[in-house]
Amino acid sequence: LRGMVEQQGSDLLATATQAAIEVKPLPLQSGAAFYYHLTDREPERDAGDFKELHQGFGEVSQHAITFTVLTHPGEARLVKQALDSVSSIQITREAR
């Protein structure tokens, strides 16, 4: 998982302010996930243009999950809330 996330992020480095990808683990209740953060080099043009990207991949109860959090600079609290939500994902089977 970590290698996949690192490769995905590395593919985006050409347009980011970061020189290298820093992959971080994201603890899940029943699985594992990793993510990275990149900042776009280009300035935001309007409210619908996001400069910050947090993106990752994980496995929860043998199911693949992907997540993307797009924010404006200075929205660390929003990023934390989004990553906390991802951390709490649970997949259950429906009763038949």
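## Pro-43 and its loop

Pro-43 counts as exposed, with a relative accessibility of 53%. Here, exposed means over 50% relative accessible area, buried means under 20%, and partly exposed covers what is in between, using a 1.4 Å probe and protein chains only. Pro-43 belongs to the loop between β2 and β3. If its neighbours within four places in sequence are left aside, this proline is in contact (heavy atoms within 4.5 Å) with Asp-49 and Lys-51.

## About the model

What you are looking at is a predicted model, in which local features need pLDDT of at least 70 and side-chain atom pairs count only at pLDDT 80 or more, while totals for chains, interfaces and linings use all residues. Numbering starts from 1 along each chain as its sequence is written, and side-chain values use heavy atoms, with hydrogens and water left out.

## Overall layout

The protein contains two helices and four strands, and from the N terminus on these elements follow the order α-β-β-β-β-α. Both kinds of element are DSSP runs numbered from the N terminus: helices are H or I with at least four residues, and strands are E with at least two. The C-alpha trace spans about 50 × 30 × 20 Å along its principal axes.

Some totals may be handy for your own comparisons. Of the protein's 96 residues, 33% count as buried. About 6400 Å² is exposed, and carbon and sulfur atoms supply 51% of that area; accessible areas come from the Shrake-Rupley method with a 1.4 Å probe, and for residues only the protein chains shown count as cover. Among contacts with a separation of 6 or more, 41% come from residues 24 or more positions apart.

## The sheet

An open sheet is built from four strands in the order β1-β2-β3-β4, with antiparallel pairing. Its edge strands are β1 (24–28) and β4, each of which pairs on one side only. From one strand to the next, the twist averages 20 degrees. Two strands count as paired if DSSP finds at least two bridges between them.

Let us walk across the sheet. β1 and β2 are joined in the antiparallel sense by five bridges, and Leu-26 has Ala-33 as its bridge partner in β2. Nine bridges then connect β2 (residues 31–39) with β3, again antiparallel; here Gly-31 is partnered by Val-60 in β3. A further nine antiparallel bridges link β3 to β4 (residues 63–71), where Phe-57 stands opposite Thr-66. Strand β3 (residues 52–60) is largely enclosed by the rest of the structure, because eight of its nine residues are buried.

## Two helices on the sheet

Helix α1 (residues 2–10) packs on the sheet and touches β2 and β3, its direction making about 15 degrees with that of β2. Helix α2 lies across β1, β2, β3 and β4, and runs at about 170 degrees to β4. For these angles, axes are lines fitted to C-alpha atoms (for helices, over the stretch in contact), and values run from 0 to 180 degrees between N-to-C directions.

## The β3–β4 turn

Which residue in the turn between β3 and β4 has a positive phi of about 45 degrees? Ser-61 does, in a hairpin that leaves two residues between the strands. Most residues other than glycine have a negative phi. Gln-62 also has a positive phi, about 65 degrees, although it is not a glycine.

Both residues can be placed on the map: Ser-61 lies in the loop between β3 and β4, and so does Gln-62. Ser-61 counts as partly exposed at 32% relative accessibility, whereas Gln-62 counts as exposed at 73%.

## Gln-90, after the last helix

Gln-90 lies in the segment after α2 (76–87). Is Gln-90 buried or exposed? With a relative accessible area of 56%, Gln-90 is exposed.

Gln-90 also offers a link between distant parts of the sequence: Gln-90 and Leu-28 are 62 residues apart in sequence and 8.7 Å apart in space, C-alpha to C-alpha. The side chains of Gln-90 and Gln-29 are joined by a polar contact of 2.2 Å. A polar contact is a pair of N or O atoms within 3.5 Å; within protein, one must be able to donate a hydrogen and the other to accept it, and residues adjacent in sequence count only if both atoms are side-chain atoms.
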